[in-house]
Amino acid sequence: MKKLQISTGILRNAAGEIFITQRAADAHMANMWEFPGGKIEEGESPELALARELFEEVGILPESAMLFDKLEFEFPDRHITLWFWLVDSWQGEPWGKEGQPGRWVAQKDLLAEEFPPANGPVIAKLIAQA
Ligand SMILES: Nc1nc2c([nH]c(=O)n2[C@@H]2O[C@H](COP(=O)(O)OP(=O)(O)OP(=O)(O)O)[C@@H](O)[C@H]2O)c(=O)[nH]1
Ligand SMILES: [Mg+2]
């Protein structure tokens, strides 16, 4: 069974909106919306992976990151540990740098059905705190 550690960023602006991006049609969890991020590499800290992935995928540099939640999830083919970082300050303006669609959504309007099943608890927590 594949074991993956993933760092993702919940980018939240001053209006309380969160930037989400859509996964590619040929990726795991195809077409679902997600918090930008990706695999933590060998020898890399979760924080460093977050900064690297956010720059690669949405072109921003996080200036602060607070661990908001950490979840484990078992897919049929993989076990993943997800680190969700709340980022409310960054340099640049997020955009779909890899060609992926991106949009801002009010925190209270996040829809769990649009995200991979592993995200359920973190979406519920974000909505409860909106
Ligand atoms: N980025 C991200 N991945 C998520 C979320 N929820 C979730 O289950 N995942 C899963 O976590 C894994 C993250 O992988 P990824 O595809 O983003 O990894 P990556 O950016 O390093 O991509 P790569 O393999 O193309 O280099 C995938 O299996 C994905 O389905 C989420 O909110 N954000
Ligand atoms: Mg990714």
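Two strands count as paired if DSSP finds at least two bridges between them. Strands (E, at least two residues) and helices (H or I, at least four) are DSSP runs, numbered from the N terminus.

The model is predicted: local features need pLDDT of at least 70 and side-chain atom pairs count only at pLDDT 80 or more, while totals for chains, interfaces and linings use all residues. Residues are numbered from 1 along each chain as its sequence is written, and chains are lettered from A and ligands numbered from 1 in the order in which they are written.

**View 1. The shell around ligand 1 holds 18 residues.** A residue belongs to this shell if its C-beta atom, placed from the backbone, lies within 6 Å of the ligand. The closest are Met-29, Glu-34, Gly-38, Pro-116 and Ala-118. Strands E1 (2-11), E4 (37-39) and E7 (78-87) each supply at least two residues of the shell. By class, the shell has 10 nonpolar, five polar and three charged residues (nonpolar: Ala, Val, Leu, Ile, Met, Phe, Trp, Tyr, Cys and Pro; charged: Asp, Glu, Lys and Arg; polar: the others, Gly among them).

**View 2. Met-29 and Asn-31 lie in the loop between E2 and E3.** The strands that flank this loop are E2 (17-22) and E3 (33-34). Met-29, one of the closest residues to ligand 1, has a phi near 60 degrees, a positive value in a residue other than glycine. Met-29 counts as partly exposed because it has 15 C-beta neighbours inside 10 Å. Asn-31 is not a glycine either, and its phi is positive at about 65 degrees. Asn-31 has 12 C-beta neighbours inside 10 Å and therefore counts as exposed. The cut-offs are 20 or more other C-beta atoms within 10 Å for buried, 12 or fewer for exposed, and partly exposed in between.

**View 3. E4, E1, E7 and E6 form an open sheet of four strands, in that order.** The pairing in this sheet is mixed. E4 and E6 (66-74) are the edge strands, and each pairs on one side only. Neighbouring strands of the sheet are turned by 20 degrees against each other on average, direction ignored. E1 and E7 run parallel and are joined by 10 bridges. Among the bridge partners in E7 are Leu-82 for Ile-6 and Leu-86 for Ile-10. E6 and E7 pair in the antiparallel sense over eight bridges, and a hairpin joins E6 to E7 through three residues. In this pair of strands, Leu-67 stands opposite Trp-85, and Leu-71 has Leu-82 as its bridge partner.

**View 4. Helices H1 and H2 are shown with the strands they meet.** H1 (residues 46-58) packs on the four-stranded sheet and touches E1, E4 and E7, contact being C-beta atoms, placed from the backbone, within 7 Å. The direction of H1 makes about 65 degrees with that of E1. H2 (residues 120-128) lies across E6 and E7 and runs at about 145 degrees to E6. Axes are lines fitted to C-alpha atoms, for helices over the stretch in contact, and angles run from 0 to 180 degrees between N-to-C directions.

**View 5. Ser-45 sits in the loop between E4 and H1.** Ser-45 counts as exposed because it has 10 C-beta neighbours inside 10 Å. Ser-45 and Ser-7 are 38 residues apart in sequence, and their C-alpha atoms are 9.4 Å apart in space.

**View 6. E3, E2 and E9 form an open sheet of three strands, in that order.** The pairing here is antiparallel. E3 and E9 (102-106) stand at the edges with a single partner strand each, so one side of each is left without a neighbour in the sheet. E2 and E3 pair over two bridges, and Gln-22 has Trp-33 in E3 as its bridge partner.

**View 7. Residues 1-129 carry a UniProt annotation.** The unreviewed UniProt entry places the feature "domain: Nudix hydrolase" at these residues; positions are given in the numbering used here, feature names are shortened, and annotations may be inferred rather than shown by experiment. In the model, the end C-alpha atoms of residues 1-129 lie 35 Å apart. The span is 17% helix and 38% strand.

Definitions and conventions
Two residues are in contact if their C-beta atoms, placed from the backbone, lie within 7 Å.
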